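Colleague: Could you take me through one part of this model, the largest pocket, and then whatever else helps me place it? I'd like to start with the chain as a whole.

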Amino acid sequence: MPALALRQLRTRHIGPVDLDVAAGECVCIRGASGSGKSLLLRAIADLDPHAGEALLDGRACSSMPGPAWRRRVALVMAEGQWWADTVGEHFPAGCMPAWLDRVGLPAGALDWQVARCSTGERQRLALLRTLMQGPAVLLLDEPTGNLDEDSTARVEAVLDDYRREHAAALLWVSHDPRQAARVARRRFLLEDGKLVEEEEGGKAAADKGKAAGADRPPDTEGAAW
């Protein structure tokens, strides 16, 4: 059974969307600015009003309290929220130095003031903060959008390992077609509120009516995620 399933999901000018993302699979979504990529992720995370349904291992979002759903289906936004003065206050269970090192941050980063962190540092810390909670699904909204090439490679590697080790389902929004090709075997364009699957080489599938949730078992091994 797919880890994440969308059934006729609709929000504002997006949808209806049907999509399955299996455990251990990464699916990437691209689209023009304003096409609604972030809106779609927010609807899946149950942060915005929506019709239709999202399901985690067959359990409907509508049957769970919002906070409980978001602990399992976690949204990582391009700019995370910070509510305390120091970084460490946002990590109640702490964070192993090895994790910080893997994303290019020193062990002392938890002692930093949030205000002194750059945008890229905050982005990497927000990702680690989410991973420490062990979600089953990651909704990734441009998780490397503020990062240089080295930091991008580090974050991609961390997410790859997390996906494999936790059999997590990843739905990744990226503006970069090269990144999309690296991280996902299945890639979609969001056009006119609908998901259109891309063929190899980045072209949209000729059949515009092709179901986004086509029943195709993912190959979670190999070069692409």
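What share of the contacts in the protein chain with a separation of 6 or more comes from residues 24 or more positions apart? And which residues lie nearest the centre of the largest pocket?

Modeller: Happy to. This is a predicted model, in which local features need pLDDT of at least 70 and side-chain atom pairs count only at pLDDT 80 or more, while totals for chains, interfaces and linings use all residues. Residues are numbered from 1 along each chain as its sequence is written, and side-chain values use heavy atoms, without hydrogens or water.

Your share is 67%, a contact being heavy atoms within 4.5 Å. The chain has six helices and 10 strands (DSSP runs numbered from the N terminus: H or I of at least four residues, E of at least two). Of its 225 residues, 52% are buried, meaning under 20% relative accessible area, with exposed over 50% and partly exposed in between (1.4 Å probe, protein chains only).

Now the pocket, an open set of points on a 1 Å grid over the protein atoms alone where a 1.4 Å probe fits, with protein on both sides within 12 Å along at least five of seven lines. Its volume, the space filled by probe spheres set on points joined across faces, edges and corners, is about 560 Å³. There are 21 lining residues (those with an atom within 4 Å of a point), and Leu-75, Trp-83, Arg-129, Thr-130 and Gln-133 lie nearest the centre. Strand S6 (73–76) and helix H4 (119–131) are the elements giving two or more residues to this lining, and S6 gives the most, with four. By class, the lining has 13 nonpolar, six polar and two charged residues (nonpolar: Ala, Val, Leu, Ile, Met, Phe, Trp, Tyr, Cys and Pro; charged: Asp, Glu, Lys and Arg; polar: the others, Gly among them).

Arg-129 deserves a second look: its charged end sits over the ring of Trp-82, 4.5 Å from the centre (the rule asks for NZ of Lys or CZ of Arg within 6 Å of the ring centre and within 35 degrees of the ring normal). Arg-116 likewise lies over the face of Trp-112, at 4.0 Å from the ring centre.

Finally, some backbone points to check. Most residues other than glycine have a negative phi, and most peptide bonds are trans. The bond from Gly-15 to Pro-16 is cis, with omega near 5°, and Pro-16 is in strand S2 (residues 14–21). Glu-142, in the loop between strand S7 (137–141) and helix H5 (149–166), has a positive phi of about 50° and is buried, with a relative accessible area of 17%.
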